[in-house]
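Q: I have a structure open in front of me and would like to learn how to read its features one by one. Could you walk me through it?

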Amino acid sequence: MFRRINVIKSTRNVLLTGLVAALSACGGDGGDPLSVTLLHMNDHHSHLDAETTTLKLPDASGATQSVTLPLGGFARVAAAIQEEAAGSKNVLKLHAGDALTGDLYFTQSDGEADAVAMNTVCFDAMAIGNHEFDSGDSGLAKFINFLHKDPAKCKTPVIAANIKTASSSPIAGKFSPFTLVERGGQKIGIVGITIANKTKNASRPDATTVIADEVTSAQQTIDALRLQGVNKIILLSHAGYEMDVKTLAPKLDGVDVIVGGDSHSLLGPDTLKAVGLTPEGPYATQLQDKSGQKVCIVQAWQYSYAIGKLNVDFDKYGNVSACNGQPMILVSDSYKDSKTGTSAASSTADAAAYTAALKQVGAFRFTTPLAATTTALKPFSDAKTALGAVKVGSANDNLCLRRVPGIGAKSDTTRSKLGDVCNKDATVVSQGGNIQQLVAQAFLDQGQRFGGADLSLQNGGGVRIDIAKGDITVGKVYELLPFKNVLVRISMTGQQVKDSLEDGVDSMLGNNGGTGSGAYPYTAGLRFDVDITKAKGSRISNLEIYKNSAWANFDLAGTYKVVTNDFTAGGGDNYLTLKGIDKSLKENTFLDYADSFLAYVKAKITLDKPAVSTYSTKTYKE
């Protein structure tokens with residue numbers, strides 16, 4: 001009775017195929033072609049102010065200079081989206097998650113500042129990121145309430161297909177698996193996905209909140225949309241570029257575009273390498289789904305530094321016939337270079353040369369901040385400035401962020417903002433981040449002051465930024481340690497301590513639901529050798545504890561007081577040994593972990609690089 005047409009992207013399920021074919025046949029040959037423009041961002045992590053970056057650019061004479069210029073800021077994001085939307089048809093504005101955690105804005109306002117900034121854009125959808133759960137379901141509910149404060153003006157749909165909550169959860173009813181939008185008279189389904197293992201093990205969803213498998217949940221939602229006759233599907237994926245490329249795109253049937261987040265991936269042309277940036281892949285990365293149809297994958301870096309602009313052409317059957325676009329790294333033409341230093345602007349001739357070079361790259365956008373966003377953020381900015389500017393100490397050296405030692409893929413060097421200062425520091429390369437080591441030392445000191453402690457344990461990913469040589473302010477400390485964690489003292493056997501270190505390394509390697517580089521363990525008062533070529537249980541060896549002003553053999557049969565943060569104490573980052581320890585052996589010190597480091601800085605006044613002999617990782621074999 002119905003004429004069979006080619007609107008189905010696989011024959012995986014005969015019943016589904018028949019139903020969708022029947023529904024689509026009612027529309028004749030499948031409808032008209034449609035072109036849409038996606039304007040998207042991800043992982044801004046409460047970074048609402050403009051920052052700076054240093055690039056390698058040719059001056060007027062052709063000589064390469066290190067050039068510092070303004071970068072990003074949410075007011076530039078809002079301006080770029082507004083201006084690009086005005087010149088485009090069928091626009092969708094998308095946020096792929098992790099709006100929260102990472103700057104004093106979040107510490108002060110619990111996400112209200114982020115919501116206020118986002119509402120000056122008014123996104124068509126936002127995926128829930130893992131860091132949206134850093135303050136539990138209640139923290140996410142508070143943020144969504146801020147985001148929906150004035151629904152008559154803006155009510156961004158918050159979506160995640162693989163999050164299931166109890167009816168008693170504060171976020172129950174505040175998000176959906178997908179949202180439907182209409183452009184050019186045609187429906188487009190936008191499906192949200194949240195990275196499962198990392199959210200369960202590296203954040204704090206309530207115990208009753210389930211984060212289900214990404215592929216299964218996405219496919220179920222796609223199938224449900226197709227049964228409604230929706231044949232254009234965008235996956236708003238907070239699952240990371242690697243999962244988007246290797247898992248979601250090839251295993252899903254019916255996905256057209258994946259707009260990603262979580263991995264902070266800069267995608268773009270190879271021309272970025274010439275100025276000192278290294279893209280992880282092309283924008284857009286073009287693959288095929290399970291049924292052989294084109295899938296376009298994009299992501300837009302991090303911290304309000306960039307937006308992405310993707311043009312997508314759908315054919316009359318809802319398949320992608322073409323996609324193209326580019327990242328837009330948001331900058332200003334206000335330059336200081338290695339000739340002028342930080343004291344003066346570059347010459348007019350050199351500035352013109354730098355601008356020409358950036359335009360030649362093709363991935364930079366010169367953008368004036370949107371006044372409405374700046375005005376909306378001013379009360380939050382004033383409060384942040386007043387508190388954040390208070391100086392509490394200074395650093396005599398550059399204190400480098402590096403989650404994992406070594407030079408392999410797990411070393412995760414891209415999160416450092418100090419560049420070669422850290423990448424060429426032999427101790428950092430061989431033994432890990434010296435700022436992580438100092439944080440571990442600060443926590444041990446606090447534990448010893450309040451009730452006693454033998455050693456401390458800190459996950460490397462809980463420390464978020466480098467500390468450059470110079471003043472250390474309150475704002476810098478809370479940017480360094482932005483989570484709402486407290487210190488917990490645990491009574492543990494030596495074997496449990498070793499097993500916990502093994503957990504951290506195994507999780508860093510991505511095994512058994514591991515969460516990646518952020519799980520790598522740092523300790524103070526304890527040091528050890530690491531060999532990741534061995535099996536779990538044998539990777540940690542030659543443990544030594546600092547006792548009576550000297551290093552001594554660590555007793556696996558002994559008992560120790562260990563200070564850690566409550567996140568790892570509860571099994572976060574797959575520290576399952578810690579999770580399994582009886583609650584009676586865990587004491588909440590009620591010492592805020594950022595305040596603990598703040599107290600350490602105030603007591604020390606000046607911070608130096610740790611002595612090589614005090615690093616927890618003595619050697620690292622990969």
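Q: Let's start with burial. How many of the eight residues of strand S1 are buried?
A: Keep in mind that this is a predicted model. A residue counts as buried when its relative accessible area is under 20%. In S1, residues 34–41, seven of the eight residues are buried, so the rest of the structure largely encloses this strand.

Q: And which way do the neighbours of S1 run, parallel or antiparallel?
A: Strand pairing is read from bridges, and two strands pair if there are at least two bridges between them. S1 pairs with strand S15 (residues 306–314) in the antiparallel sense, over seven bridges. To see one such bridge, find Ser-35 and its partner Asp-313 in S15. S1 is also joined to strand S4 (residues 91–95), here by five bridges and in the parallel sense. A place to look for that pairing is Leu-38, whose bridge partner in S4 is Leu-92.

Q: Is Lys-309 buried or exposed?
A: Apply the cut-off of under 20% relative accessible area again. Lys-309 has a relative accessibility of 17%, so it counts as buried. This lysine is found in strand S15. Setting aside residues up to four places away in sequence, Lys-309 touches a list of residues that includes Thr-37, Leu-38, Leu-39 and His-40. Glu-84, Ser-88 and Tyr-283 are also among the residues that Lys-309 touches.

Q: Let me try a helix residue. How is Ile-144 placed, buried or exposed?
A: The reasoning is the one we used for the lysine. Ile-144 is found in helix H5 (residues 136–147). Its relative accessible area is 1%, so Ile-144 is buried. Leaving aside neighbours within four places in sequence, Ile-144 is in contact with Val-158 and Lys-174. For a distance check in your viewer, take Ile-144 and Thr-52: they are 92 residues apart along the chain, and their C-alpha atoms are separated by 30 Å.

Q: Now helix packing. At roughly what angle do helix H7 and helix H8 cross?
A: Look at the axes, then at the angle between them. The axes of H7 (residues 214–227) and H8 (residues 241–251) come within 10 Å and cross at roughly 40°. An angle under 35 degrees would count as roughly parallel; H7 and H8 are therefore oblique to each other. Their crossing is right-handed. On the H7 side, the contact is made by Glu-214, Val-215 and Gln-219, and on the H8 side by Met-243, Thr-247, Leu-248 and Lys-251. By class, that contact of H7 with H8 has three nonpolar, two polar and two charged residues.

Q: How do I read a whole sheet? What is the order of strands in the open sheet of four strands?
A: Read across the strands, then ask what sits at the ends. The order is S26-S25-S24-S30, and the pairing is mixed. Strand S26 (550–553) and strand S30 (617–621) each have a single partner strand, so one side of each is left without a neighbour in the sheet. From one strand to the next, the twist averages 20°. Inside the sheet, strand S24 (residues 526–531) runs antiparallel to strand S25 (residues 540–547), and four bridges join them. Asp-529 stands opposite Ser-541 in S25. Finally, helix H15 (residues 494–508) lies across S24, S25 and S30, at about 125° to S25.

Q: Which strands are at the edges of the open sheet of three strands?
A: Its order is S21-S19-S29, with mixed pairing. The edge strands are S21 (470–473) and S29 (606–607), each pairing on one side only. Strand S19 (residues 391–395) and S21 run antiparallel, joined by four bridges. One bridge links Lys-391 with its partner Thr-473 in S21.

Q: One last strand: which residues of S20 point one way and which the other?
A: Leu-455, Leu-457 and Asn-459 point one way, Ser-456 and Gln-458 the other, and all are buried. With five of the five residues of S20 (residues 455–459) buried, the strand is largely enclosed by the rest of the structure. S20 pairs in the parallel sense with strand S27 (residues 559–565), over three bridges; there, Leu-457 has Thr-564 as its bridge partner. S20 also runs antiparallel to strand S23 (residues 521–524), with four bridges joining them. Ser-456 has Ala-524 in S23 as its bridge partner.

Key:
Residues numbered from 1 in each chain as written. Predicted model: local features only at pLDDT ≥ 70, side-chain atom pairs only at ≥ 80, totals over all residues. Heavy atoms only, no water. Buried < 20%, exposed > 50% of the residue type's maximum accessible area, 1.4 Å probe, protein only. Helix = DSSP H or I, 4+ residues; strand = E, 2+ residues; numbered from the N terminus. Axes fitted to C-alpha atoms, helices over the stretch in contact; angles between N-to-C directions. Parallel < 35°, antiparallel > 145°, perpendicular 65-115°, else oblique. Left-handed = near helix turned anticlockwise from the far one by under 90°. Contact = heavy atoms within 4.5 Å. Nonpolar A, V, L, I, M, F, W, Y, C, P; charged D, E, K, R; others polar.
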